[in-house]
Amino acid sequence: MSQPRVLSRWGCRGGFTLIEAMLSMLILGVVISGGIGAITMAAEHRRAVRDQLRAVSLGEDLMREIVAKAYKDPQLTGESDPVIGVDAGEPGNDPRIDWDDVDDYHGLVEDMLRNEEGTKLDAEWHREVKVHWVEPFGGGADARTATGLKSVEVVVYKGGKRLARLEARVGIAGQAMVRGRE
Ligand SMILES: [Ca+2]
Ligand SMILES: [Ca+2]
């Protein structure tokens, strides 16, 4: 009956050499860093999706507020619709509680988001509004004078990056239609 052989560390062996151990650690390191990279990318993707949804929501909040206003200032009578912007006696920027027509919002720039009453909401985000007349026919090209149709554009940024743009068309009869968002 044969006896089990005692293996020397230079022959066929059961342990790891130093090089094998280092290689194993290196491979393990690569696998771990790859796993961390995948987790980080997934977290960034989730944050990007969350930011995109929040941007659209913030844009919609402001757009709803704007299109609920009159097409033109209630103080203006007849066909008069002389300017895009705030009217006599109205504040030039926030708080916008006294704004009563859609083009009062033209030029609004919010570095600190506020609601209509001026309450601070969020400093991380930035919203801008532009309002201008557009031609009611022929593809809705920009117009320099009153046409009976206004375009309202709300753009939302975070960290200087544009994340959402919404546009609505508001007609003189009061109808409003959101035309696009991105
Ligand atoms: Ca007004
Ligand atoms: Ca106005």
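The legends below describe close-up views of a predicted model.

**View 1. The protein chain as a whole.**
The protein chain holds one helix and seven strands. Read from the N terminus, the order of its elements is α-β-β-β-β-β-β-β. The chain has 182 residues, and 19% of them are buried. Of the contacts between residues at least 6 apart in sequence, 43% join residues at least 24 apart.

**View 2. The hairpin of strands β5 and β6.**
Strand β5 covers residues 149–158 and strand β6 covers residues 161–171. The two strands run antiparallel and are joined by ten bridges. Together β5 and β6 form a hairpin, with two residues between them. One residue in the turn, G159, has a positive phi of about 60 degrees. Beside the turn, K158 has K161 of β6 as its bridge partner. Elsewhere along the pair, V152 stands opposite A168 in β6. In a regular strand, side chains point in alternation to the two faces of the sheet.

**View 3. Strand β4 beside strand β5.**
Strand β4 spans residues 125–133. It is joined to β5 by nine bridges, and these two strands also run antiparallel. W125 of β4 stands opposite K158 in β5. K158 therefore has a partner on each side, since pairing is read from bridges between strands: W125 in β4 and K161 in β6.

**View 4. The largest nonpolar core.**
This core contains 23 residues. Which residues touch the most other members of the core? They are M63, V102 and V152. Four elements give two or more residues to the core, namely α1 (18–67), β4, β5 and β6. The most come from α1, which gives six residues.

**View 5. The surroundings of V102.**
Here V102, a member of the core, is shown with its contacts, leaving aside its neighbours within four places in sequence. The contacts are I66, V67, K69, Y71, V131, K150, V152 and V170. V152, on this list, is also one of the core residues that touch the most other members.

**View 6. V109 in strand β1.**
V109 lies in strand β1, which consists of residues 109–110. Is V109 buried or exposed? V109 counts as exposed, because it has 10 C-beta neighbours inside 10 Å, and a residue with 12 or fewer is classed as exposed. V129 is 20 residues away from V109 in sequence. In space, the C-alpha atoms of V109 and V129 are 6.8 Å apart.

Key: Residues numbered from 1 in each chain as written. Chains lettered and ligands numbered in written order. Predicted model: local features only at pLDDT ≥ 70, side-chain atom pairs only at ≥ 80, totals over all residues. Buried ≥ 20, exposed ≤ 12 C-beta atoms within 10 Å, placed from the backbone. Core = buried A, V, L, I, M, F, W, Y, C linked by C-beta atoms within 7 Å. Contact = placed C-beta atoms within 7 Å.
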